[in-house]
Amino acid sequence: DVLGDTLRGTRGIMLDMYRQQDKLIEAMERLTPLMIEMGASDARSTATPLVLIPLHKGADGFMSDEQYKTFYWPTLRKLILGLVDEGLIPLLFAEGFYNTRLEIIRDLPKGKVVWRFDQTNMARAKEILGDRACIYGNVPAAILSTGTTDNVKAYCNQLIDVAGKGGGFILSPGATLDTAKLENVRAMIEFTKEYGIYR
């Protein structure tokens with residue numbers, strides 16, 4: 001994500017995966033310690049243990065599972081573990097769908113990370129990661145923007161039933177709230193306060 005968003009661009013990073021794999025991997029390996037230090041420094045300056053890591057180029061469909069295992073996960077995992085070693089909590093925002101990545105990302109220490117899912121199947125996320133990490137999300141921006149309060153409540157009800165079993169779940173929007181209807185945001189919050197109690 002860092003290389004693709006800044007130095008190489010999306011097209012460049014995609015071509016690099018085919019044309020100069022070794023250089024790409026070396027660049028990511030060199031960036032990883034810098035990213036750990038940047039995350040730790042930001043956390044110290046804000047006095048919060050959470051370090052947000054937005055993940056967009058790792059989404060399903062952007063690259064194959066084999067490419068994800070080769071180019072994305074090894075250095076992302078090192079970044080996560082480096083932040084955990086600093087006493088921090090990586091908060092990974094998996095933008096888009098992460099359905100094919102769930103088994104791969106399970107390979108982290110128990111209770112050390114939070115995964116925020118945008119459009120990932122939360123039943124599968126709970127099944128695969130529920131005993132390893134806190135998961136949160138994924139009330140769709142579309143429902144919050146164009147749905148009714150009843151649509152929002154029905155979705156939240158189903159989401160709590162599926163992902164809230166046994167704890168370790170935070171209900172929230174899958175993405176940003178910038179186009180959400182105020183009444184739908186209120187409905188999400190109020191319904192969650194009323195129904196989202198661990199039984």
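Is Asp16 buried or exposed? At 5% relative accessibility, Asp16 counts as buried. The model examined here is predicted. Asp16 belongs to helix H2, which spans residues 9-19. Beyond its neighbours within four places in sequence, Asp16 is in contact with Arg8, Gln21 and Leu24.

Arg8 sits in the loop between helix H1 (2-7) and H2. Its relative accessible area is 40%, so Arg8 is partly exposed. With neighbours within four places in sequence left aside, the contacts of Arg8 are Leu3, Ile13, Asp16 and Gln20. Two of the residues touched by Asp16, Gln21 and Leu24, also take part in the packing of helix H3 against helix H4.

Helix packing was examined next. Two packed helices are described by the angle between their axes and the distance between the axes. Helix H3 covers residues 21-46, and its axis lies 9 Å from that of H4. The angle between H3 and H4 is about 20°. Angles under 35 degrees count as roughly parallel, so H3 is roughly parallel to H4. The crossing of H3 and H4 is right-handed. On the H3 side, the contact is made by Gln21, Leu24, Ile25, Met28, Glu29, Thr32, Met35, Ile36, Gly39 and Ala40. On the H4 side, Thr70, Phe71, Thr75, Lys78, Leu79, Gly82 and Leu83 make the contact.

Ala47 follows in the loop between H3 and strand S1 (50-55). Phi of Ala47 is near 55°. This is a positive value in a residue other than glycine. Ala47 has a relative accessible area of 72% and is therefore exposed.

A second helix pair involves H6 (residues 122-129) and H8 (residues 149-163). Their axes come within 9 Å and cross at roughly 20°. That angle makes H6 roughly parallel to H8. H6 and H8 also cross in the right-handed sense. In H6, the residues at this meeting are Met122, Ala123 and Lys126. They meet Leu159, Val162 and Ala163 of H8.

Lys126 also appears among the contacts of Lys165. Lys165 is found in the loop between H8 and strand S5. With a relative accessible area of 60%, Lys165 is exposed. Not counting residues up to four places away in sequence, Lys165 touches Lys126 and Ile160. The C-alpha atoms of Lys165 and Gly130 are separated by 9.0 Å. Lys165 and Gly130 are 35 residues apart along the chain.

Aromatic rings were then searched across the whole structure, and 5 aromatic pairs were found. In one pair, the ring centres of Tyr68 and Tyr98 are 6.0 Å apart and the ring planes stand at 85°, so the arrangement is edge-to-face. Tyr68 lies in helix H4 (residues 65-85), whereas Tyr98 lies in the loop between strand S2 (89-94) and helix H5 (102-105). The pair therefore ties together parts that are 30 residues apart in sequence. Tyr68 and Tyr98 are both buried. Both tyrosines belong to one aromatic cluster with Tyr72, Trp115 and Phe117. Elsewhere, a charged side chain meets a ring: Arg116 lies over the face of Phe93. The distance from Arg116 to the ring centre is 4.7 Å.

The backbone has a further feature at Gly137 and Asn138. A cis peptide bond joins Gly137 and Asn138. Omega at this bond is about -25°. Asn138 is placed in strand S4, residues 134-139.

Ala180 completes the survey. Ala180 is placed in the loop between strand S5 (169-173) and helix H9 (182-195). Its relative accessible area is 21%, so Ala180 is partly exposed. Setting aside residues up to four places away in sequence, Ala180 touches Leu144, Ser145 and Val185. The C-alpha atoms of Ala180 and Asn151 are separated by 13 Å. Ala180 and Asn151 lie 29 residues apart along the chain.

Conventions: Residues numbered from 1 in each chain as written. Predicted model: local features only at pLDDT ≥ 70, side-chain atom pairs only at ≥ 80, totals over all residues. Heavy atoms only, no water. Phe/Tyr/Trp six-rings, centres within 6.5 Å; stacked < 30°, edge-to-face > 60°. Helix = DSSP H or I, 4+ residues; strand = E, 2+ residues; numbered from the N terminus. Buried < 20%, exposed > 50% of the residue type's maximum accessible area, 1.4 Å probe, protein only. Lys NZ or Arg CZ within 6 Å of the ring centre and 35° of its normal. Axes fitted to C-alpha atoms, helices over the stretch in contact; angles between N-to-C directions. Parallel < 35°, antiparallel > 145°, perpendicular 65-115°, else oblique. Left-handed = near helix turned anticlockwise from the far one by under 90°. Contact = heavy atoms within 4.5 Å.
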